[in-house]
Amino acid sequence: MKLLTHNFLSSKFLKGVTTGYPLLLVATQKEVKEHEFNADFVKRMLPKVDYTACRTAAESIGEAEGLPTEVGDMWEENEDFLRKLHRVLLEVEVTEGELQCPESGRKFPIKNGIPNMLANEDEVE
Amino acid sequence: MASKRPEHLGPPELFYDETESQKYSSNSHIIAIQAEMTERAMELLALPEDNSALILDVGCGSGLSGEVVTDAGHMWIGMDISLPMLNVAVEREVSGDLILKDMGHGVPFKAGTFDGAISISALQWLCHANASDQNPRKRLLRFFQSLYASLARGARAVFQFYPENSDQSELITQQAVKAGFSGGLVIDFPNSSKAKKVFLVLMTGGPQQLPKGLSEESGSHHVANAGRRTFAMASRDKKGKPSKGSRAWIESKKERARKQGKDVKESSKYTGRKRRRL
């Protein structure tokens, strides 16, 4: 699972959960897979991405090195920043670990790079 | 008859087990059909040009449809209920990201995430209850509501599916409209039993016009001259693809080669012309 996906995932589908975001991330195994750098795509994604959540997630798996605490004003021109963001969002992958709902504490295991978001019929609204 | 539909045999997560997933993903006929339908679905999505977008693939399976999305220069996230299928996708090193999820429980993404959603041959699975506590009507509505929320404003969702009967497609459309979507069915080649393909095109925000389905006659509407009419019809075959040897066919072949990064000569006014006999 890429951190881009993590940044968009929410456990709101669970009964009684109002925002379910961001999911807590624990990684026991990670991998860096090369992904073609596309500056336009990163630029288009950043406004959608919750940067604080992204940085916290990167920190929790030890990949936040070089990421500023806040997005600067001139981020669109800063290629170095875009490349770092690209690496964190699209190249770093969590292969084994788990996600946890911040409200209900429900855990979703990640195996073989695939987060298991399945729930029982009585757990959803 | 009924046994021809896999959704009658049991829940998808059990039907697409290891052997079935392998079979499905290595069958060249299935691969070709899936790719063709995904291409059409992407066309119906009508994404703004020259922009790489983020696409949701519902029922992505082993990533056959995702590869077409990748080739078009977009990033995708796929969800499927069959773990063996997703494992095949991981093995095939697809460039999209994968999530194990039952679409009947809703799309697990925050609001406004995706620039579009596609789904190839998956929606019909949602019309069947595989456990006593499952209600297809509720599951469809829950799915469409969460999908509506996860799409960016103005984005579309295109589903190719195999409706069993008109009641089924009506139920699906009804639940989608209830969730706030506008749109409806686009049927390609409605008069052909073989080439007929049903697409549900759902749109968010603003009144938009539903695109037209392809038909045998499309592309030959406004040709006044009788001599040219035969020409226009000959350049497209029954499936609406350019016929072999025509200029359009050559152009599409060239475009394909260009996408694969091959060195391709520019077309000139002589491209695709017959040699003059002396």
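**Getting to know chain B**

Student: What percentage of the 278 residues in chain B is buried?

Tutor: First, this is a predicted model, where local features need pLDDT of at least 70, side-chain atom pairs count only at pLDDT 80 or more, and totals for chains, interfaces and linings use all residues. Residues are numbered from 1 along each chain as its sequence is written, with chains lettered from A and ligands numbered from 1 in the order in which they are written. A residue is buried if 20 or more other C-beta atoms, placed from the backbone, lie within 10 Å of its own. In chain B, the buried share is 38%.

Student: Which strand gives the largest share of the largest nonpolar core?

Tutor: A nonpolar core is a set of buried Ala, Val, Leu, Ile, Met, Phe, Trp, Tyr and Cys residues joined through C-beta atoms within 7 Å. The largest one has 84 residues, and B:Ala117 is among those with the most contacts inside it. Strands are DSSP runs of E, at least two residues, numbered from the N terminus. The largest share of this core, 6 residues, comes from residues 151–161 of chain B, strand β5.

Student: Which element gives the most to the side of chain B that touches chain A?

Tutor: Residues are in contact if their C-beta atoms, placed from the backbone, lie within 7 Å. Chain B and chain A each put 26 residues into the contact. On the side of chain B, the elements giving two or more residues are β2 (75–80), α5 (83–91), a helix (DSSP H or I, at least four residues), and β3 (97–100). With 4 residues, the top contributor is β3(B).

Note on methods
A residue is buried if 20 or more other C-beta atoms lie within 10 Å of its own, exposed if 12 or fewer, and partly exposed in between; C-beta atoms are placed from the backbone. Two residues are in contact if their C-beta atoms, placed from the backbone, lie within 7 Å.
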